Amino acid sequence: MKPAAFEYRRPTTIAAALDDLALDAGARVLAGGQSLVPLLNLRLATPSVLVDINRVAGLDEIAERDGRVHIGATARQAVVLSSDLVRTRVPLVAAALARVAHPQVRARGTVVGNLCHHDPASEMPAVALALDAEFAVVAPDGSPSSVPAADFFLDSFAVAVPAGGLVTGVSFPVAPPGTGAGFYEIARKAKDFALIAAAAQLTVAAGTVTEARVAVTGLGHRPLRMTAAEQSLTGGPSTAEAVRDAARLARGEVLAAVNTRSPAAYRSRVLPVVVCRALTSALAQLEPTP
Amino acid sequence: MTVPEPTAGPTAARPKYVGGAVKRREDPRLLLGRGRYVADINLAGTVYMAIVRSPHAHARITSIDTSRAVAAAGVLAVLTWADIKDEAGPLPCIDRYTDSLPVLQTALADGVVRYVGEPVVALVASTEYGAEDALSLIDVEYEPLPVVVDLDEATAGTTLLYPEHGTNVMTTIAQDVGDVAAAFAAADRVYEETFTIHRYVPMPMETRGVVAEVDPITERLTLTTSTQFPHLVRGFLSGVLGMPESRIRVVAPDVGGGFGAKCEFYCEEVLAPLFALRLRRPVKWIEDRRTSMVASSHAREQKHTVRVAVQDDGTITAVDAQSWTSNGAAYCTLATTPASISSAMLRGPYRIPHYRARAHCVVTNKTPLAVYRGAGHPQAVLVMERMVDTIAADLGRDRVELRLQNMLTPAELPSDRGTAIVLAGQVVYDTGDYGACLERAAEMIGLSGDWEAEQAAARAEGRYLGIGLASLVEETSIGPYESAVVRVDGAGKVTVLTGSSPHGQGHVTTFSQLVADELEIDIEDITVLYGDTDVVADGVGTFASRSAAIGGAAARKAAGVVKEKALGVAAHVLEIDVADLEWRNGAAHVRGVPARARTLGELASAATAWNAPLPGGMEFNLEATYQHQAGGIAFSHATHAAKVGVDVETGEVTVLDYVVVHDCGTVINPTIVEGQVHGGVAQGLGGTFMEELAYSPDGQPLPMTLQDYIMPTLGDMPWIRTDHMESPTPLNPYGMKGAGEGGATGAPGALVNALQDALAPFGVNLTSDGPWTPDKVLALIPEDPA
């Protein structure tokens, strides 16, 4: 394991982290390192400065505020996955996170780092898009902003963070009462990257779908929201038949180049299937358990 | 089984270790992270080697400029082919046929590169990072040449890797048994099919690595290398460098898996010594995973065409087969063995009296191909077992019955099959009950009266289930020999030296079991040493499922000689005729006088130089060296039975149940045999559903890391149920055969047959071993299966 030479910085405050990131245009942020360190070792990434934010105080929060669950930039996937707050208040996050990597990786990897890395075969961007996650971004001058998921994922391995800026956290809206979450993924092996995966959340009141959220990863260079399926479900009955009909409306441009592991024709064909299964599993959560 | 307690009285029978599930003695150390692998060895003053490898699949090197690297701070030495060609001969291939064309590897490319990853320039720097940095300072210019990666194109020979030979076919192996032409002329039916077997690789968890150092006083070279056969490496290195073996010590420390990839002699095992000899500093190189993808041997890739002659009653009378192995750019240490085994063993357990095979070894612009767990067996089993299922389906016959009808029975054994395997010899099946094994596996997987109804009912619900069988006979325990030394110290502790250097198999446990039973002592009193040519003077290695049967037999035989020596010493000490002594419970006892006895330790002490003088002619020290010669091949056999479920909407395949009924002769340790079976099945499952070392048409390997080369993990494995049968071989006194490779040998055939069974309603005919990834499976299924 032989990365190219880099300068290592370990700030303890956000302001210091921004100063370190300002040292060079080639500076990169290191959080859990589960994506970046392999790239360093392969010399596919050769940052001049590595800014390790693991000692920045307060970035590991998992907390509910103002109707949203906030997950800090250094909160480990394993900690997030085992959080009761996450499981009960944003169940789709937990459902998807269980499919992200092996326990050893999750012990070190971070939810935010995984989202910022934005591998197009990664599970969590679909969840962020489906739930309208908000990313807390600090610009190089220290000014904070909130970037919605719909604007955050730009392209494979590219997100809307200005050069020298830092993502300090992500927040997801708390699931309303009567919500079921479902995640369905096809992967080449257990815990592997997705060939294609769908994240779905249904909110139902008195047998009627009041809100439907569906997004799919693995189709193109960014996750896609299945708006036609969502519209078809919203206001209609929360039935298996409605779900099947809605899943047939799942559409999206499927790019061959984005996933050499799986032909575009395959992903096109299974798109309605994974959407249907994610929705079905969301629906199943709403049914009273016998 | 629990470890036997020492028995109280001298007359009580002592429980045997052999056959018991003794816990692996090496595990506490390994599982606590106390293994010592090559990468863990850090000698003072170590410098680091890095290698510039070809980015082209086929190119002429037009210039090499090392000046920038030579001038760089921290770079200590740079070598090209021009620098070493007078001192490093070609790397050996030990399984060449006499008519094989010479396409040997050299330690660095000799003007033409023929695969991506071929070593071109080697350098050493004072740090590992500096060595990696310096790679970009080496300027090599190439003139690309036409590339051939496809087996058919390579065989056609329009693009040649070695124009001087006029062909890419380096060897054609022939096997001829009976009168094939007459059998086909008389056949009621003839079935013909072509099968493709894809390229996948052993991928041991520990990559390769070497440390070479030269003792400045003695001038001796020590090469520590992650290998399966340190003694052969010593011989190969001696030959390549023209250096006497007495100046070479080869050490294999803990080795984290090999599976055939480390049963090879590699350029780094030459280059690191060359640098160490020049620099007089320890030179270290650890293969990283990306390099391992192209620099460690590849495996499996073959194409087969078979014609099968069948009578209407189901008797298979003849097979006429051809195969082509994609050997990659040059011959490995073991290059023709896969083709040889495939062609010699294609008929498996079936009688098939008439047989002809032509197996072509073809060079292609890919990493050289060598043996991998099962060598040529998995390919042959897949081909034969698919054909048997095809014939059964066509004849409307039960697939178990049709197999039984054609299988050799125990009464027909031994059976000279009329074929031969390179290095190993004539194929003469020794013992086994193939039919009973098949019936047991079929019963365990649930292939009984209700299966077809169950399958139909599940299909009606949209669940596509399938059961697949694969029966196999497998060459194991090849020779030529293995060495062992057993010695007893004055405290009665026993040291066993074996030339069969392990890399995960559990030799310390099984060899201890064998020796403990022979001497009737506690297993804890035994130490097993291996993997150092200065400690173990002679040896062959661990490959071809040979260690227990050949190395284990040698160890037990040596222990038997020690026992005889101990009885001789006891006769002297007790002043009694040796005929009046018997060996029991680790001591020599006077028959009928239980109290008069001498323990192994007492006798060993008595035989030392500083104790009682022994009578003239009697050897000092309780020590014996034994060389066990194989005297033939022991053939293990098994039937694998897999049950799969196919998701016809997504193409995902789930292995629902997996059964292996295995016969490796006398079982020393059932837990270790099961572990071998499980690991082999995992590799077969990986190859069938996930793993592929694919190349682009221009010869670029596609996977770069384990993110692209998909291997199964625990989460992908079925619960494997095993059952043991024991048909001891007469080829060693203890009946053991090999157990190491049967898991990998049977899995692809059983899994593909299961997939075929599940997808039969869609009219599929699977003629490849995959990998059956979800997209490929789904492509077999119509868009709307209803």
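When I give a crossing angle, the axes are lines fitted to C-alpha atoms, for helices over the stretch in contact. With that settled, this is a predicted model, and I will take one helix pair in chain B before turning to the interface between chain A and chain B.

The pair is α10 of chain B, residues 337-345, and α11 of chain B, residues 377-395. Their axes come within 8 Å and cross at roughly 35°. The crossing of α10(B) past α11(B) is right-handed. On the α10(B) side, the contact uses B:Ile341, B:Ser342 and B:Met345; α11(B) contributes B:His377, B:Gln379 and B:Ala380. Sorted by class, that contact has three nonpolar and three polar residues, and no charged ones.

Now the interface. The size of an interface is often given as the accessible area lost when the parts come together. For chain A and chain B, the buried area is about 2,300 Å², with 53% of it on carbon and sulfur atoms. In chain A, the residues losing the most area to chain B are A:Lys2, A:Lys189 and A:Arg269, which together make up 30% of what that side buries. In terms of contacts, 25 residues of chain A meet 28 residues of chain B.

Between the two chains there are six salt bridges. A:Lys2 and B:Asp288 form a salt bridge through their side chains, at 3.2 Å from N to O. Residue pairs in polar contact, both at pLDDT 80 or more, number 13.

Which elements of chain A each supply at least two residues of the side that touches chain B? Those are β11 (179-187) and α12 (264-286). The largest share, five residues, comes from α12(A). By class, this side of chain A has 13 nonpolar, two polar and 10 charged residues.

Notes: Residues are numbered from 1 along each chain as its sequence is written. Chains are lettered from A and ligands numbered from 1 in the order in which they are written. This is a predicted model: local features need pLDDT of at least 70, side-chain atom pairs count only at pLDDT 80 or more; totals for chains, interfaces and linings use all residues. Side-chain values use heavy atoms; hydrogens and water are left out. Axes are lines fitted to C-alpha atoms, for helices over the stretch in contact, and angles run from 0 to 180 degrees between N-to-C directions. Helices (H or I, at least four residues) and strands (E, at least two) are DSSP runs, numbered from the N terminus. A crossing is left-handed if the near helix is turned anticlockwise from the far one by less than a right angle, and right-handed if clockwise. Contact means heavy atoms within 4.5 Å. Ala, Val, Leu, Ile, Met, Phe, Trp, Tyr, Cys and Pro count as nonpolar, Asp, Glu, Lys and Arg as charged, and the others, Gly among them, as polar. Buried area is the accessible area (1.4 Å probe) that two parts lose on being put together, summed over both. A salt bridge is a side-chain nitrogen of Lys or Arg within 4 Å of a carboxyl oxygen of Asp or Glu. A polar contact is a pair of N or O atoms within 3.5 Å; within protein, one must be able to donate a hydrogen and the other to accept it, and residues adjacent in sequence count only if both atoms are side-chain atoms.
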